[in-house]
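Please look through the sequence and the model below before reading on. The account moves from the whole chain to a helix pair and then to individual residues.

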Amino acid sequence: FVNDDGDIAVRPHGAATLPGQEIDLAKVVARAAGPSAGGGLGLPLPLLVRFPDVLRHRVESLNAAFDYAVRSTGYGGRYQGVYPVKCNQDRYVVEDIVEFGAPFGFGLEAGSKPELLLTMSCLVARGSPDALLVCNGYKDLEYVSLALIARTMGLNTVIVLEQEEELDIVVEASRRLDIRPVVGMRAKLRTKHAGHFGATSGEKGKFGLNAAQILSVVSKLKALGMLDCLQLLHFHIGSQIPTTALLADGVGEAAQIYCELARMGAAMRVIDVGGGLGIDYDGTHSAQTDMSVAYSLEEYAAAVVAAVGRVCDRKGVQHPVICSESGRALVSHHSVLVFEAFSASAPAANIDSATAYLLDELTDDCRNDYRNLMAAAVRGDFETCALYADQLKRRCAEQFKEGVLGLEHLAAVDGLCEIVARGMGVAERPRTYNINLSVFTSLPDMWAIEQQFPIIPIQRLQERPAIDGILSDLTCDSDGKVDQFIGGRHSLPLHELPSHGTRGYYLGMFLGGAYQEALGGLHNLFGGPSVVRVSQSDGPHCFAVTRAAPGPSCADVLRAMQHEPEVMFEVLKQRITDDGATAAALARAFGAMPYLSFGGSEVSLESSGMSSDSEGS
Ligand code: PLP
């Protein structure tokens with residue numbers, strides 16, 4: 001949303017946000033990245049701005065949508081979701097979700113041992129007592145033992161079998177520890193999601209148990225006298241489920257399996273419909289591409305509740321608790337990645353009266369192409385024009401390689417072709433804006449799976465952007481660019497950069513709160529962004545920065561690759577003749593190193609005169 005200053009304004013409570021409660025993103029950036037002399041925190045860009053109020057809004061909206069669907073249809077169970085931490089394991093994101101979700105008994109899902117450890121400690125510290133802790137992923141004895149121990153801590157842990165063999169591990173760990181497990185099963189459904197994210201669905205999918213394996217688990221549990229331990233049925237047909245028709249199909253199939261398990265004597269209680277609640281990246285609200293989905297949050301919840309209720313009613317089975325593992329839909333909106341376009345390629349070359357004589361120095365055949373090009377231009381025959389421009393450029397390039405023409409001749413011909421193209425009304429090639437981030441670190445899905453995220457300038461939005469630009473990142477890699485944008489565009493409308501020394505030109509990438517942070521790599525050893533947490537407040541600018549941390553230093557990223565920055569520093573210092581300023585500059589280049597005390601990893605908000613919010617301590 002654009003405010004009266006032409007800046008992006010964030011509405012943390014969605015449509016319910018009052019005009020005076022909007023947060024001006026450009027002001028947040030000025031506060032976070034501005035110099036400390038001016039009251040700023042001096043954080044380097046790129047900057048990840050987290051809005052916990054947006055997270056709260058998403059958690060409440062999801063629960064409200066299911067609550068409405070349950071109440072309006074007379075469904076006999078309730079909704080009790082979990083957040084799959086793989087979508088964003090950031091400590092404060094997980095803590096916020098657990099805290100905002102506590103009134104709804106909202107829990108967590110883990111897919112690995114470290115994720116299990118973080119979910120356990122977070123739920124013990126601040127979770128609701130009946131929150132579910134769903135344990136997915138590949139499991140060894142240690143993972144399963146941990147999940148069992150969690151039950152003795154009062155956590156509502158369910159070990160979901162993704163493979164038949166995992167049952168033996170669960171039985172063994174449960175015997176060793178003398179803890180009775182609560183078990184779930186992940187079913188491999190036949191319903192297939194055809195989009196990019198559906199590769200794991202269908203009969204040939206990577207995860208889950210097929211019909212024969214489900215029956216085998218049931219009979220093993222029965223033989224062990226443990227059928228009462230089986231209480232949950234889970235499935236996941238992929239992220240970004242495109243339509244409610246496909247969703248209802250999958251949920252209906254899973255509900256049949258759920259009813260079959262109840263019929264066979266399992267103590268079924270919960271149906272876990274996995275993730276897949278999609279979001280609208282491109283604003284089309286259609287199922288044409290993976291960039292959007294053809295339903296709202298409310299329609300998603302209604303479709304799930306109706307499909308489960310219908311099947312259970314037909315089979316005379318009590319309505320189960322409905323759990324979902326919605327990740328993308330919960331966390332995508334809560335953060336904005338802000339980066340700076342710090343330079344742009346010069347406008348296309350030009351030719352003027354001072355350089356026009358160079359065209360007369362071309363060889364005869366080149367001058368011939370030039371004359372034909374001009375004649376076509378006068379006739380307004382664009383196709384012939386383009387043909388001769390191409391031919392002229394190619395011929396000149398060949399003659400340059402042979403040493404016949406000089407660099408000045410090449411530049412003059414480029415300039416001429418550009419003028420002619422412009423005169424014919426052909427769009428100039430997009431200009432390249434250099435941005436201060438690494439696509440591989442901060443937008444990994446954009447590079448890896450051609451995911452698109454909305455990107456827009458966060459300021460000057462009352463001013464028409466007159467330039468078509470593409471974005472080029474800091475890495476020495478030709479893939480390190482953004483040249484595909486929402487809506488099938490190959491360029492982004494941008495403004496002319498401000499002249500040096502004036503305000504920076506900042507762009508925001510939106511809807512990237514899920515998956516991007518943990519997937520990002522260290523290509524070229526660029527670390528992640530600085531992070532600020534911005535809450536709504538009653539202050540003059542409606543916001544308070546309640547937490548701020550700079551991104552990793554050079555020392556941090558070097559350490560990640562087994563280098564030892566402290567040792568490297570000592571080795572290099574041997575070669576320094578003056579021990580004062582040069583050594584200090586070298587140490588600063590490494591960044592934060594504990595024994596050199598160039599700052600800790602978190603910025604103190606108190607000393608910088610920022611928010612005194614209790615969370616900032
Ligand atoms: N649950 C499981 C088992 C998953 O594999 C995933 C992600 O693919 C999710 C939940 C989260 O899905 P989404 O982000 O689409 O909600």
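What follows is a guided reading of this structure, beginning with its overall make-up.

The model is a predicted one, and the protein it describes has 20 helices and 20 strands. Taken along the principal axes, the box filled by the C-alpha atoms is roughly 95 × 65 × 50 Å. Of the 617 residues in the protein, 45% are buried. When contacts between residues at least 6 apart in sequence are considered, 74% of them join residues that are at least 24 apart.

One helix pair can be followed in some detail. Helix H5, which covers residues 141-152, and helix H6, which covers residues 166-177, have axes that come within 9 Å and cross at roughly 55 degrees. With that crossing angle, H5 is therefore oblique to H6, since an angle counts as oblique when it falls outside the ranges for roughly parallel, roughly antiparallel and roughly perpendicular arrangements. The crossing in which H5 passes H6 is right-handed. On the H5 side the contact is made by Leu 141, Val 144, Ser 145, Leu 148 and Ile 149, while H6 contributes Ile 169, Val 170, Glu 172, Ala 173, Ser 174 and Leu 177. Sorted by class, the residues in this contact of H5 with H6 are eight nonpolar, two polar and one charged.

Turning to single residues, Val 98 lies in helix H3, which spans residues 91-101. Is Val 98 buried or exposed? Val 98 is buried, because 22 other C-beta atoms lie within 10 Å and the cut-off for a buried residue is 20 or more. Leaving aside residues up to four places away in sequence, Val 98 touches Leu 108, Cys 122, Leu 123, Arg 126 and Gly 127. A further distance relates Val 98 to Ala 131, which is 33 residues apart from it along the chain, with a separation of 9.0 Å between the C-alpha atoms of the two.

The last residue considered here is Cys 476, which UniProt lists, in an unreviewed entry, under "active site". In the model, Cys 476 is placed in the loop between strand S15 (467-472) and strand S16 (481-482). Why does Cys 476 count as exposed? Cys 476 has 8 other C-beta atoms within 10 Å, and a residue is classed as exposed because its count is 12 or fewer. Val 98 in helix H3 is thus a buried position, whereas Cys 476, in its loop between S15 and S16, is an exposed one.

How values were computed:
Residues numbered from 1 in each chain as written. Predicted model: local features only at pLDDT ≥ 70, side-chain atom pairs only at ≥ 80, totals over all residues. Helix = DSSP H or I, 4+ residues; strand = E, 2+ residues; numbered from the N terminus. Contact = placed C-beta atoms within 7 Å. UniProt positions renumbered as here; feature names shortened; annotations may be inferred. Axes fitted to C-alpha atoms, helices over the stretch in contact; angles between N-to-C directions. Parallel < 35°, antiparallel > 145°, perpendicular 65-115°, else oblique. Left-handed = near helix turned anticlockwise from the far one by under 90°. Nonpolar A, V, L, I, M, F, W, Y, C, P; charged D, E, K, R; others polar.
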